Amino acid sequence: MEKKNQIIKYLKSSREEMINLQRLLTSIPAVSPESGGSGELSKAKALEGWLKEKGFENIKWYNARDKKAEGGIRPNMVVEIPGKKHERRFWIMSHIDVVPPGELSLWETDPFRLEVKGDKIFGRGVEDNQQGLTASVFAALSLISNSITPEYDVSLLFVADEEMGSQYGIKYLLDNYNLFGENDFVLVPDSGDPDGKLIEIAEKNVLWLKVTTKGKQCHASRPDLGRNAFAASSEMV
């Protein structure tokens with residue numbers, strides 16, 4: 001209970017630091033080249049610098065090659081916090097990239113400059129997914145600042161390319177590295193409810209189907225003798 005109270009006290013006292021991290025992240029667009037951006041490299045470098053200033057030492061990069069992006073890479077970062085035991089690891093995965101701002105005239109503020117209004121912050125990416133990223137960082141900082149060693153190893157994973165399919169992000173890591181153990185736990189703070197109490201154990205996905213309908217050709221004057229493949233597929237849809 002004492003450790004829990006220490007953590008809660010630290011988090012409650014870190015409001016301005018959390019906002020400042022959000023301000024830094026918001027100021028650096030990290031839009032996919034497929035959406036007209038240059039990728040995540042500048043934002044990842046800024047995040048790494050901030051983490052090092054706060055005392056994080058074990059930071060590893062896993063870069064996916066992408067000649068369309070800044071520096072020719074799409075960065076994925078892992079920050080490790082050693083635990084008492086090492087047979088399993090607790091992962092918190094958030095993504096660095098954001099979607100484009102869209103029509104700028106519809107914004108009341110500059111999308112890439114953080115605005116604080118009461119208890120709300122505004123800017124591109126502050127919710128998707130910088131809230132999860134910031135929350136994971138300060139959860140880890142609460143351990144470090146209170147000299148608390150977690151029961152198991154903890155890893156913060158910051159991935160690229162989530163908004164455009166994850167080819168250069170988590171899919172790249174799964175295909176090219178053996179980072180995850182079968183006993184590991186993975187938390188992805190990328191959705192939820194206003195109270196922060198919702199935990200999903202499954203997620204919707206896409207099922208691609210190809211259906212072929214076959215018809216029977218006939219003369220246009222006698223459609224009753226044929227079978228219209230288009231009408232059949234329309235009926236199915």
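What follows is a chat between a reader and the author about how the words used for this structure are earned.

Reader: What kind of model is this, and how are its residues numbered?

Author: It's a predicted model, where local features need pLDDT of at least 70, side-chain atom pairs count only at pLDDT 80 or more, and totals for chains, interfaces and linings use all residues. Residues are numbered from 1 along each chain as its sequence is written, and side-chain values use heavy atoms, with hydrogens and water left out.

Reader: What makes a stretch a helix or a strand here?

Author: Both are DSSP runs numbered from the N terminus: helices are H or I with at least four residues, strands are E with at least two. Helix α2, for instance, covers residues 15-26, and helix α4 covers residues 130-145.

Reader: Why are α2 and α4 called oblique to each other?

Author: Let's start with the angle, which is about 135°, with the axes 10 Å apart. Axes are lines fitted to C-alpha atoms, for helices over the stretch in contact, and angles run from 0 to 180 degrees between N-to-C directions. Under 35 degrees is roughly parallel, over 145 is roughly antiparallel, 65 to 115 is roughly perpendicular, and the rest is oblique. The α2 and α4 pair therefore lands in the oblique class.

Reader: Which residues make that contact?

Author: Contact means heavy atoms within 4.5 Å. On α2 they are E17, M18, L21, Q22, L25 and T26, and on α4 they are Q130, Q131, L133, T134, V137 and F138. By class, that's six nonpolar, five polar and one charged. (Ala, Val, Leu, Ile, Met, Phe, Trp, Tyr, Cys and Pro count as nonpolar, Asp, Glu, Lys and Arg as charged, and the others, Gly among them, as polar.)

Reader: Why do α3 and α4 get the label roughly parallel?

Author: They pack at an angle of about 20°, with axes 13 Å apart. That angle puts α3 and α4 in the roughly parallel class, therefore the label. The contact uses K43, L47, W50 and L51 of α3, plus Q130, L133, V137, F138 and L141 of α4. Those residues split into seven nonpolar, one polar and one charged.

Reader: How do you know which strands sit side by side in the sheet?

Author: Two strands pair if DSSP finds at least two bridges between them. The resulting open sheet has five strands in the order β1-β4-β8-β5-β9, with mixed pairing. Its twist averages 20° from one strand to the next.

Reader: What makes the pairing mixed? Which strands run antiparallel?

Author: Take β4 (residues 77-81) and β8 (residues 152-159): they run antiparallel and are joined by five bridges. β1 and β4 also run antiparallel, over three bridges. On the other hand, β5 and β8 pair in the parallel sense over eight bridges, and so do β5 and β9, over three bridges. For single bridges, look at M77: it is the partner of W61, and M77 in turn has F158 as its partner in β8.

Reader: Why are β1 and β9 called edge strands?

Author: Each has a single partner strand, so one side of β1 (59-61) and one side of β9 (185-187) have no neighbour in the sheet.

Reader: What lies across the sheet?

Author: Helix α3 (residues 41-53) lies across β1, β4 and β8, at about 165° to β1. α4 lies across β4, β5 (85-95) and β8, at about 150° to β8.

Reader: Why does W91 count as buried?

Author: Buried means under 20% relative accessible area, exposed means over 50%, and partly exposed is in between (1.4 Å probe, protein chains only). W91 has 2%, so it counts as buried. This residue is in β5, and its bridge partner in β8 is S155. Beyond neighbours within four places in sequence, the contacts of W91 include V78, L157 and F185.

Reader: What about S94 and E16: buried, exposed or partly exposed?

Author: S94, also placed in strand β5, has 2% as its relative accessible area, so it's buried. Contacts of S94 include L133 and S136. E16, in helix α2, has 47%, so it's partly exposed.

Reader: What makes β4 mostly covered?

Author: Four of its five residues are buried.
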